[in-house]
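Work through the exercises below with the sequence and the coordinates at hand. Try each task before reading its solution.

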Amino acid sequence: MFRTSHILTAAAAAAVLLAATPQSFAQGQGLTSAQAMAAIRAVQAYAKKDGSDPSTVVLDRDGNIVLMLKGNNASPHNIGLAERKAFTANMFKMKSIEWRDATKPGTARANERQTPKAIPLGGGVPIMVGNEVIGAVGVSGTRGGQEGDTAGAQAGADAAAAAVQRLQAQANN
Amino acid sequence: MQKLITGFVLAVAAIFAGSAVYAIGLQIAKDQFLQSLTNFDISVEQAMLVAENAIAECKKDNSVISVAVVDRDGLVRFLLRGDGATPELADNARRKAYTARTFNQATSLWMERTALDAVDANGKAIDLNGQQYLENTIAEKGGFPIVYHGGAIGGVGVTGSKGGGERDEACAKAGAQSIADQLL
């Protein structure tokens, strides 16, 4: 009896493993072009209040560009910098300004600054849905320097996340 | 004595007048030859309007497209990758926009003009096929120039519509024409 129950437990465990492991898909919340447009509109609204002319890039979770917009009088570096800020926020799953402060030269994490494409400058903000990072917004060229760029990108990331949550709420209804 | 003073005053006045004329002349020359270059370029607001109208046109048959708008330098002003489109497909939209901008015509027309067997009105071979080897150009329908006073100040490119190149170009054209009344 004792042995039978052991065998049964083992068999059940094996069945669970077989059922769960090879057949489950990798699944994650994506970022649509409509959500990226919501982000860019929020950044433009911020820029209008700010009186500035920023460049903005929205990346998906793979780090690929979903949307980019170059400011009217952008300097040549602005659009590439916006992408790198978004890349940094997406990769390290935090605002690029926080990552900048966390990786100061001489500290334990300084070597992270060697990551290609990442850049220790503020203006990149991850798009968070719950605890999940589904992409990032990078902004370059507002009036307020790195803090201003971060505020603009935050407005964009919030708008995109809100658009995702509206979709999720619709799906649950 | 009186004459001497009058002469002195006249001389001083002449020097001042002369230097004033010289300075004004210099300024005129500067204005004429050293003024900085001013160009018209497609703005953020115009680019977004162009893109939105291209998307709206393609939505009529439920196509999900990627749209690129380039400025007068051929650089991206606006780029939106459609849902499910690869980065490469979105980049083809940019290349269509670039081609239309740099050759100031729809990419379908440019393709005809640069075809291997293209001939002019007199039946003479045009032989511009080499243009298709230029970097960033693409011989695909779907790019349309944004024209101001006869010169291209930008271009719009579309990929991914259900109707293929023909529809891509119809959507790009609809986008470009949505701001045409601003550019008269």
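**Exercise 1.** In which loop of chain A does K117(A) lie? Give its phi and its exposure as well.

*Solution.* The model is predicted. Start with the place: K117(A) sits in the loop between α4 (96–102) and β3 (124–129) of chain A. Next, the backbone: K117(A) is not a glycine, yet its phi is positive, about 80°. Last, the surroundings: 11 other C-beta atoms lie within 10 Å of K117(A). The cut-off for an exposed residue is 12 or fewer. K117(A) is therefore exposed.

**Exercise 2.** Treat N104(B) likewise: find its loop, its phi and its exposure class.

*Solution.* N104(B) belongs to the loop between α3 (87–103) and α4 (107–113) of chain B. Its phi is near 55°, a positive value in a residue other than glycine. Now count neighbours: N104(B) has 16 other C-beta atoms within 10 Å. Buried needs 20 or more, exposed 12 or fewer. N104(B) is therefore partly exposed.

**Exercise 3.** Describe helix α3 (residues 78–92) of chain A: its span, its burial and the residue just after it.

*Solution.* First the span. The 15 residues of α3(A) reach 21 Å from first C-alpha to last, close to the 21 Å expected at 1.5 Å a residue. Then burial. In α3(A), 14 of the 15 residues are buried, so the helix is largely enclosed by the rest of the structure. Finally, step past the end. K93(A), just after α3(A), takes a positive phi of about 55°.

**Exercise 4.** Analyse how α2(A) packs against helix α5 (residues 145–172) of chain A.

*Solution.* Begin with the geometry. The two axes come within 7 Å and cross at roughly 145°. The crossing of α2(A) and α5(A) is right-handed. Now the residues. On the α2(A) side, those in contact include A34(A), A38(A), R41(A) and Y46(A). On the α5(A) side they include G148(A), G152(A), D158(A) and V164(A). Sort the contact by class: 17 nonpolar, 4 polar and 3 charged residues.

**Exercise 5.** Place K49(A) in chain A, and relate it to A102(A).

*Solution.* K49(A) is found in helix α2 of chain A. With 9 other C-beta atoms within 10 Å, K49(A) is exposed. K49(A) and A102(A) are 53 residues apart in sequence. In space, C-alpha to C-alpha, they are 30 Å apart.

**Exercise 6.** Classify the crossing of α2 (residues 44–59) and α5 (residues 164–177) of chain B.

*Solution.* The axes of α2(B) and α5(B) come within 7 Å and cross at roughly 140°. That angle makes α2(B) oblique to α5(B). The crossing is right-handed. From α2(B), the contact residues include V50(B), A54(B) and C58(B). From α5(B), they include R167(B), C171(B) and A174(B). By class, the contact holds 9 nonpolar, 2 polar and 2 charged residues.

**Exercise 7.** Which elements of chain A each supply at least two residues of the side that touches chain B?

*Solution.* Count the contact first: 12 residues of chain A meet 12 residues of chain B. On the chain A side, α2 (33–50) and β2 (65–69) each supply at least two residues. β2(A) gives the largest share, 5 residues. By class, this side of chain A has 6 nonpolar, 5 polar and 1 charged residue.

Definitions and conventions
Residues numbered from 1 in each chain as written. Chains lettered and ligands numbered in written order. Predicted model: local features only at pLDDT ≥ 70, side-chain atom pairs only at ≥ 80, totals over all residues. Axes fitted to C-alpha atoms, helices over the stretch in contact; angles between N-to-C directions. Helix = DSSP H or I, 4+ residues; strand = E, 2+ residues; numbered from the N terminus. Parallel < 35°, antiparallel > 145°, perpendicular 65-115°, else oblique. Left-handed = near helix turned anticlockwise from the far one by under 90°. Contact = placed C-beta atoms within 7 Å. Nonpolar A, V, L, I, M, F, W, Y, C, P; charged D, E, K, R; others polar. Expected span 1.5 Å × (residues − 1).
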